[in-house]
Amino acid sequence: METSNSILIIGPPKSGKTTFQAQLWARFLDKSGKVKLRKMPDNITGIKNAYDRLASGEETNATPAEENLSVVIPVILDDKEFDLEFKDYGGEQVRRITQLMEFDKNWADRAKSNDRWILFIRPGEIYPIYDLSQAGSPNIDSSPNRDNVDTKLSEQYHFIELLQALLHARNTGVKSRISTPKLLVVMTCWDELNTDLSPLEILKEKVPLFNHFVESIWDNESYKIIGLSAQEFPLDNQEAKDKYLDEMPESFGYIVLDDNPRQPDLTRLIEIALDL
């Protein structure tokens, strides 16, 4: 069965989704990436606003919680034409799916109409909270997150529940391995980790049960794990801001693959999703 070229980026709050979209747009404008802009889109207000902030040396703003926008970007890759349809939304909507176990028609439609899902996970903000999946968990009394232990389980359960809810919305069962939707798991804000580990190793370290869940139900050729640093460093001091002002956003950011530590072409993330 042929899959569509529509891509759903699933980005919880503070996962870096907005920054990535702005940096992807920067590559399209610069014509420096493997995936290139075919023609100007009709409406890119949200992405352009985020790009303008980066070009001014400022962090991007989060998408408003209730916003639901669709941006179609016509691109070309290896002489093949694609229309990338990005559904822009507030990250809080993703959190609501797992906390309240509900989603509106917009999310049901997204799950059904997008055959490629890109899930953003920010490993730098996942802490070793008490985890039922781990034998010999750290002593709760000595945990630096002790205040959270009694009320919060590991983030990995939320990611599992999120994928389960979206699969349910598109009536995709798990009795046989999933070939569609394709799944690209992106470990974001990679620069926060200061690690030599691979993206898969970080996934196994931070969210082992989630990794097992994906390995168990997705076809091996239908999912992949990569790393991403869309911004490369925080814009929290004047020196960092000046770098963005002087060299422009497209000079920064990289993806991490198992076979190559860093790739500056962020459009390859889209290529990888389309090749699944």
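**Close-up 1. Lys241 of this predicted model is buried and forms a salt bridge with Glu58.** The relative accessible area of Lys241 is 18%, under the 20% cut-off for a buried residue. Its partner Glu58 counts as partly exposed, at 30% relative accessibility. The two side chains meet at 3.3 Å, N to O. Lys241 belongs to helix 9, whereas Glu58 sits in the loop between helix 2 (45-55) and strand 3 (68-77), so the contact ties together parts 183 residues apart in sequence.

**Close-up 2. Lys34 and Glu271 pair across distant parts of the chain.** Their side chains form a salt bridge of 2.8 Å, N to O. The residues are 237 apart along the chain. Lys34 is in the loop between helix 1 (17-30) and strand 2 (36-37). Glu271 is in helix 10, residues 268-275. Which side of the pair is buried? Glu271 is, with 6% relative accessibility. Lys34 is partly exposed, at 38%. Salt bridges with shared partners join Lys34, Arg268 and Glu271 into one network.

**Close-up 3. Glu192 and Arg122 bring two loops into contact through a salt bridge.** How far apart are the closest N and O atoms? The separation is 2.3 Å. Glu192 lies in the loop between strand 6 (182-187) and helix 7 (199-206). Arg122 lies in the loop between strand 5 (116-121) and helix 5 (146-149). The partners are 70 residues apart. Glu192 is partly exposed, with a relative accessible area of 33%. A search of the whole structure finds 8 salt bridges. Side chains of opposite charge can pair when their charged atoms come close.

**Close-up 4. Phe233, Tyr244 and Phe252 are linked by ring pairs into a cluster.** The whole structure holds 5 aromatic pairs. In the pair of Phe233 and Tyr244, the ring centres are 5.6 Å apart and the planes stand at 85°, so the geometry is edge-to-face. The cut-off for that class is an angle over 60 degrees. Phe233 is in the loop between strand 7 (223-229) and helix 9 (238-247), while Tyr244 is in helix 9. The two are 11 residues apart. Are these rings in buried or exposed residues? Tyr244 counts as buried at 0% relative accessibility. Phe233 also counts as buried, at 17%.

**Close-up 5. Strand 1 carries a buried isoleucine, Ile9.** The strand spans residues 7-10. Ile9 has a relative accessible area of 1%. Which residue 108 positions away along the chain has its C-alpha atom 6.0 Å from that of Ile9? That residue is Trp117.

**Close-up 6. Four acidic residues form a patch of negative charge on the surface.** The members are Glu201, Glu205, Asp258 and Asp259. Asp258 sits in the loop between strand 8 (254-257) and strand 9 (260-263). Is Asp258 buried or exposed? Its relative accessibility is 52%, so Asp258 counts as exposed. The cut-off for that class is over 50%.

**Close-up 7. The peptide bond from Thr180 to Pro181 is cis.** Its omega angle is near 10°. Pro181 falls in the loop between helix 6 (155-169) and strand 6. Most residues other than glycine have a negative phi, and most peptide bonds are trans.

**Close-up 8. Cys189 has a positive phi without being glycine.** The angle is near 50°. Where does Cys189 lie? Cys189 is in the loop between strand 6 and helix 7. Its relative accessible area is 18%, so Cys189 is buried.

**Close-up 9. Met248 is another residue other than glycine with a positive phi.** Here the angle is near 75°. Met248 is placed in the loop between helix 9 and strand 8. At 27% relative accessibility, Met248 counts as partly exposed.

Definitions and conventions:
Residues numbered from 1 in each chain as written. Predicted model: local features only at pLDDT ≥ 70, side-chain atom pairs only at ≥ 80, totals over all residues. Heavy atoms only, no water. Patch = residues over 30% accessible without salt bridge, like charges linked within 9 Å, V, L, I, M, F, W, Y side chains within 5 Å. Areas by Shrake-Rupley, 256 points an atom, 1.4 Å probe, with all protein chains shown as cover. Lys, Arg positive; Asp, Glu negative; His and termini not counted. Charge placed at Lys NZ, Arg CZ, Asp CG, Glu CD. Helix = DSSP H or I, 4+ residues; strand = E, 2+ residues; numbered from the N terminus. Buried < 20%, exposed > 50% of the residue type's maximum accessible area, 1.4 Å probe, protein only. Phe/Tyr/Trp six-rings, centres within 6.5 Å; stacked < 30°, edge-to-face > 60°.
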